[in-house]
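Here are my notes on the model, as numbered points. Have the structure open while you go through them.

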Amino acid sequence: MALRAFAISTKTGIGAAALVVGLILAAVCAVLTRAEFGSGLGPADWSAIRFTVFQAAISAVLSSLLAIPIARALARRQFPGRGLLVTLLGAPFILPVIVAVLGLLTVFGRAGWLNMALSALNLPTLSIYGLHGVVLAHVFFNLPLATRLMLQAWQTIPAERFRLAAQLDLTPRAVFQSIEWPMLRQIVPGTAALIFVICLTSFAVALTLGGGPRATTIELAIYQAFRFDFDLSRAAILSLVQLALAGSAALLALWIIPSVSMGGGQDRPRQRWDARGGVQRIIDILAIGIGALFLLLPLGAIVTRGLAGILLTPASVWQAAGTSVGVAMVSIAVLLVLALPMAGWIATAKRGSVEAVGLFGVAASPLMIGTGWFILINPFADPVALALPVTALVNALMALPFALRILVPPLRDTVQVYGRLSQALSLTGWPFWRWVALPRLRPQIGFAMGLTGALSMGDLGVIALFADQDRTTLPLQMYRLMGSYQMEAAAGAALILLALSLGIFWIFDKAGRMNAEA
Amino acid sequence: MLKLEQAVITQDDFSLRADLSIEPHKKYAVIGPSGAGKSTLLGALCGFVPLAHGRLIWDGRDITDAAPGARPMTMLFQDNNLFPHLSVMQNVGLGLRSDMRLTADDRAEVESALSRVSLADMADRKPGSLSGGQQSRAALARVLVQARPFVLLDEPFAALGPALRNEMLDLVQQLVTETGAALIMVTHDPKDVARIADEVIFVANGIAHAPEPAKELMDNPPPELREYLG
């Protein structure tokens, strides 16, 4: 005899999941029709594949390793501004890539602050372009993510263990070996895998800091084949390579990726008895200080430079800003329509593996989906005319895995705690959503909406494939300004973009949490 | 009359057999060692735990496969009987209409139920701002408006102090007497049995025994029950 139905119908969820898979598969099929396998992969393609894997691996290892001392210091030290710093660690996640790149250029670029200091000291200057620039940017984005994940893991260690360690007067080395190392062994591989997958599909960083035969990612190669050569076959073959590479990496990573908790509580340090003075203290101060500088300097650079440039921004920037806000809103709406029913399905499913459907969005690169849909739309309509809707849709697909990770756990709890009561009261289907699930999940829904809005706002991906002069988003407009060396205007645009991204995130997140019941 | 016919409930390696009838207007206590399956029995009656074998018959109708909300019973769980994000009025209103479209008559009914449990001035409060006893009263108000022929209690007052618990049990007793519903309550305490129950369903060793008159059973318990009572 079958178990009785849950409070949530799974049909809409399965329908939404099928739609997501269908949208992506349609793109894959379209790409397949254009790929002429006879031509195979050229040497440039192989070097793009090698570079993609290499830079992702270095970025993942560097970010994870550097995060350890910072997370360790944050976990055991209490100082003014600690809460703010932990909050800021979340900022790169919603920071538009192109904005961060401008900030990094200001600090580490050819005429940047670092090089000015170096040349003042008569030392050789550094170049940010190429492999180390790409890795630098990836570490900038992912070091804070890794730090947050590890800080979270540190704080799951029961306080009793540290109390016991204090009682036994263990040396820092012994504390590390007996308590912290076993935890790190669990969390570090998953963190590195997650960052590796994220960096595999990196486009905007490679577009701005990479390029050339020695620093081109697959994603960038797709764009170049498409945009400069209009070689659809090559773009198609590269898309398939990207799908296979990122897809298999994502599937492998699925089993070890830690759950990304965005919840609060991290701003409160546990009481620790092993936070000693002396060398330990100096190590912690250095870790936090350098980490904070690395994060804050580029952010500060954007603000100071942007304030100077904001009056120089042409009207086209404001127009693009309006377009971007519109795209972000459509993205948020699409995301909700897809994510909520899917979360309902996953939360009531017995097996967690259906969550993999959400990861499909990560595995399929945005540019591959864009290329596929360009090929599909082209015979019937002008793809350029549909640039903005396609961008909004792809942005929603990109945000989907994150949204599911945010929505599924609390929805699962809600079903567990209130499922029986809801069934006893015949609260099923829409009434269950209306009166139980949506009110219970409001903070997480607001957070997911804010995240999607910010990601969409700052996305420089598909739009670069399709856009023309008339249809452009703010990140693309900013990239164009940078390309034509109007750096002051670009800095002004960067500040507007930053304010809009953070603003959209803040508004939705705040609205979700306002008056939310415990 | 509610009848469990040759019912077997299995969960993993646990199984419980039951072949018993519940009569309207009577008050039953379900007692037995912890882990014996008292909650499982109530869950099966309410439709949260499926029957592996057997049938559940209500007044000649087979309701073995009916959804929990479509059964002639209402249940109070050990906890989470109220939605914390809804007001007391809304929580009680859900007992009348699951889509929450309350008519003026419905609202009047909710209000009269609330005043019956002395919560008339708490209608707009959220459960979080009520005391434990008041939360129990709010849940009872919903039981009242649901007006189902069988009321099942799975130790909903376990977290309350002794005096408050007795007060709640007395209130429940009054309410079911007024509405004419049958009461089936899980308890650990022989004093509850003496206080309320007409009949006792003893659950032990994988069997839910058919109800027996409370006084006779407690005065002269069979060996298994004597062992449990200590």
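1. Start with the helix pair α17(A) and α18(A), whose crossing is right-handed. In this predicted model, α17 covers residues 387–424 of chain A and α18 covers residues 430–458. Their axes come within 9 Å and cross at roughly 155°. Since that angle is over 145 degrees, the two helices count as roughly antiparallel to each other. As for what sits in the contact of α17(A) with α18(A), the residues divide into 20 nonpolar, six polar and one charged.

2. Now compare that with α2(A) and α13(A), the latter being residues 278–309 of chain A. Here the packing angle is about 115°, and the axes are 8 Å apart. The range 65 to 115 degrees is the one for roughly perpendicular, so that is how α2(A) and α13(A) are described. The crossing of this pair is left-handed. On the α2(A) side you'll find P69(A), I70(A), A73(A) and L74(A), and they meet I283(A), D284(A), A287(A), I288(A) and G291(A) in α13(A). By class, the residues of that contact divide into seven nonpolar, one polar and one charged.

3. Staying with α2(A), which spans residues 43–76 of chain A, have a look at A48(A). Is A48(A) buried or exposed? The count is 27 other C-beta atoms within 10 Å, so A48(A) is buried, given that 20 or more is the cut-off. Leaving out residues up to four places away in sequence, A48(A) touches T216(A), T217(A), I218(A) and A221(A). There is also a long-range pairing to check: A48(A) and L238(A) are 190 residues apart in sequence, but 9.5 Å apart in space, C-alpha to C-alpha.

4. V20(A) tells a similar sort of story from helix α1, residues 11–34 of chain A. V20(A) is buried, because 21 other C-beta atoms lie within 10 Å. Its distant partner in sequence is L400(A): the two are 380 residues apart along the chain and 9.5 Å apart in space, again C-alpha to C-alpha.

5. Over in chain B, K27(B) deserves a look. This lysine is in strand β3, residues 27–31 of chain B. K27(B) counts as buried because 21 C-beta neighbours lie inside 10 Å. Which residues is K27(B) in contact with, leaving aside its neighbours within four places in sequence? They are V176(B), L183(B), I196(B), A197(B) and D198(B). W58(B), on the other hand, is 31 residues from K27(B) in sequence and 17 Å away in space, C-alpha to C-alpha.

6. Two backbone angles in chain B may catch your eye. Most residues other than glycine have a negative phi. D12(B) has a positive phi, near 50°, and is not a glycine. D12(B) is in the loop between β1 (2–11) and β2 (14–22) of chain B, and it is exposed, since the count is 5 other C-beta atoms within 10 Å. S118(B) is also a residue other than glycine with a positive phi, near 60°. That serine is in the loop between α3 (104–116) and α4 (132–146) of chain B. With 13 other C-beta atoms within 10 Å, S118(B) is partly exposed.

7. On to how the chains meet. How many residues does the contact take from each chain? It takes 25 residues from chain B and 20 residues from chain A. On the side of chain B that touches chain A, the residues divide into 14 nonpolar, nine polar and two charged. The model scores ipTM 0.82 and pTM 0.83.

8. Last, confidence. Chain B averages a pLDDT of 91, and 100% of its residues score at least 70. Among the elements of chain B, helix α8 (residues 223–229) has the lowest mean pLDDT, 87, and strand β8 (residues 182–186) the highest, 95. Chain A has a mean pLDDT of 85, with 91% of its residues at 70 or more. Two stretches of chain A need some care: pLDDT stays under 50 over residues 1–5, where the model has eight contacts beyond four places in sequence. It also stays under 50 over residues 261–267 of chain A, with 10 such contacts. Where pLDDT is low, the predicted coordinates should not be read in detail.

Technical notes
Residues numbered from 1 in each chain as written. Chains lettered and ligands numbered in written order. Predicted model: local features only at pLDDT ≥ 70, side-chain atom pairs only at ≥ 80, totals over all residues. pLDDT = per-residue confidence, 0-100. Helix = DSSP H or I, 4+ residues; strand = E, 2+ residues; numbered from the N terminus. Contact = placed C-beta atoms within 7 Å. Nonpolar A, V, L, I, M, F, W, Y, C, P; charged D, E, K, R; others polar. Buried ≥ 20, exposed ≤ 12 C-beta atoms within 10 Å, placed from the backbone. Axes fitted to C-alpha atoms, helices over the stretch in contact; angles between N-to-C directions. Parallel < 35°, antiparallel > 145°, perpendicular 65-115°, else oblique. Left-handed = near helix turned anticlockwise from the far one by under 90°.
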